[in-house]
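I sat down with a new model today and kept notes as I went. Here is what I looked up, in the order I looked.

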Amino acid sequence: MSNAMIFRNHLKESGIQVKEETEETGEVFFTIVGTLAIGSPVIFEVMIFEDEHVIDIRAIDFINVSSLLKRAGLHQLLNKLNIYCRYVKLTEKEGRVTAVYSLPYSEKEIDPGAVLEMISLMKQTIDGIIPEFYEL
């Protein structure tokens with residue numbers, strides 16, 4: 001059974017609503033919508049790379065800094081937070097900030113519960129740092 005199928009079955013059994021897509025290259029992407037502590041929605045993508053034994057978890061565009069004048073401050077803040085946030089890497093494109101965590105696995109089958117726990121930890125990290133973005 002593929003890791004994508006294991007994860008899909010776990011999500012179904014847990015009653016978690018997801019959108020699933022398969023890329024031409026065979027990678028499977030799951031999209032889960034959550035809510036941050038401030039009440040705004042956040043989209044988590046879980047990408048399973050079977051050949052590389054890696055799962056990428058992304059919180060897509062969880063904050064948007066549209067002001068060009070604030071972008072320099074945004075980059076400074078991201079540099080600071082990337083030092084503080086040991087496992088989550090924060091990236092920015094056109095003012096939209098995304099958090100990424102890569103979870104390597106060596107076993108043949110993944111632990112889907114551990115993947116969901118990492119999503120929860122990523123959400124907690126974002127909840128903890130998001131007030132700093134409002135100070136820009």
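**Entry 1: the core.** I began with the largest nonpolar core, which has 38 residues. The residues with the most contacts inside this core are V46, I48, I55, F62, M122 and F133. Next I checked where the core residues come from: helix 1 (3–14), strand 2, strand 3 (41–49), strand 4 (54–64), helix 2 (71–84), strand 6 (96–104) and helix 3 (112–133) each supply at least two. Helix 3 gives the most, with 8 residues. A reminder to myself: this is a predicted model.

**Entry 2: F62 up close.** I picked F62 from that list of well-connected core residues and asked what it touches. Leaving out residues up to four places away in sequence, F62 is in contact with L36, V42, L90, V97, T98, A99, I126, I130 and F133.

**Entry 3: the sheet.** I then traced the strands. There are 6 of them in an open sheet, ordered 1-2-3-4-6-5, and the pairing is antiparallel. Strand 1 (19–22) and strand 5 (89–93) are the edge strands, each pairing on one side only. From one strand to the next, the twist averages 25°.

**Entry 4: two hairpins.** Strand 2 and strand 3 pair antiparallel over 8 bridges. In this pair I found F30 opposite V46 of strand 3. Their hairpin has 5 residues between the strands, and G39 there takes a positive phi near 95°.

Moving one strand along, I counted 7 bridges joining strand 3 to strand 4, again antiparallel. V46 has I57 as its bridge partner in strand 4, while F49 is partnered by V54. This second hairpin has 4 residues between its strands, and H53 in the turn shows a positive phi of about 55°.

**Entry 5: T31.** I wanted to look at one strand residue by itself, so to speak, and chose T31, which is found in strand 2 (residues 28–35). Is T31 buried or exposed? T31 has a relative accessible area of 17%; the cut-off for buried is under 20%, so T31 counts as buried. Apart from neighbours within four places in sequence, T31 contacts Q17, V18, K19, I43, F44 and E45. I also noted a general point: in a regular strand the side chains alternate between the two faces of the sheet.

**Entry 6: helices on the sheet.** Helix 1 lies across strand 1, strand 2 and strand 3, and runs at about 30° to strand 2. Helix 3 packs on the sheet too, touching strand 2, strand 3, strand 4, strand 5 and strand 6. The direction of helix 3 makes about 25° with that of strand 4.

**Entry 7: helix 1 in detail.** I went back to helix 1 and its 12 residues. From first C-alpha to last it reaches 16 Å, close to the 16 Å expected at 1.5 Å a residue. Which residues of helix 1 are buried? They are N3, A4, I6, F7 and L11. Seen down the axis, the buried residues of helix 1 fall within an arc of 165°, so they line one face of the helix. These buried residues pack against strand 2, strand 3 and helix 3. On the other side of helix 1, I found K12 and E13 exposed. Just after the helix comes G15, with a positive phi near 75°.

Note on methods
Residues numbered from 1 in each chain as written. Predicted model: local features only at pLDDT ≥ 70, side-chain atom pairs only at ≥ 80, totals over all residues. Heavy atoms only, no water. Buried < 20%, exposed > 50% of the residue type's maximum accessible area, 1.4 Å probe, protein only. Contact = heavy atoms within 4.5 Å. Core = buried A, V, L, I, M, F, W, Y, C linked by side-chain atoms within 4.5 Å. Pairing = 2+ DSSP bridges. Axes fitted to C-alpha atoms, helices over the stretch in contact; angles between N-to-C directions. Expected span 1.5 Å × (residues − 1). Arc of directions from axis to C-beta.
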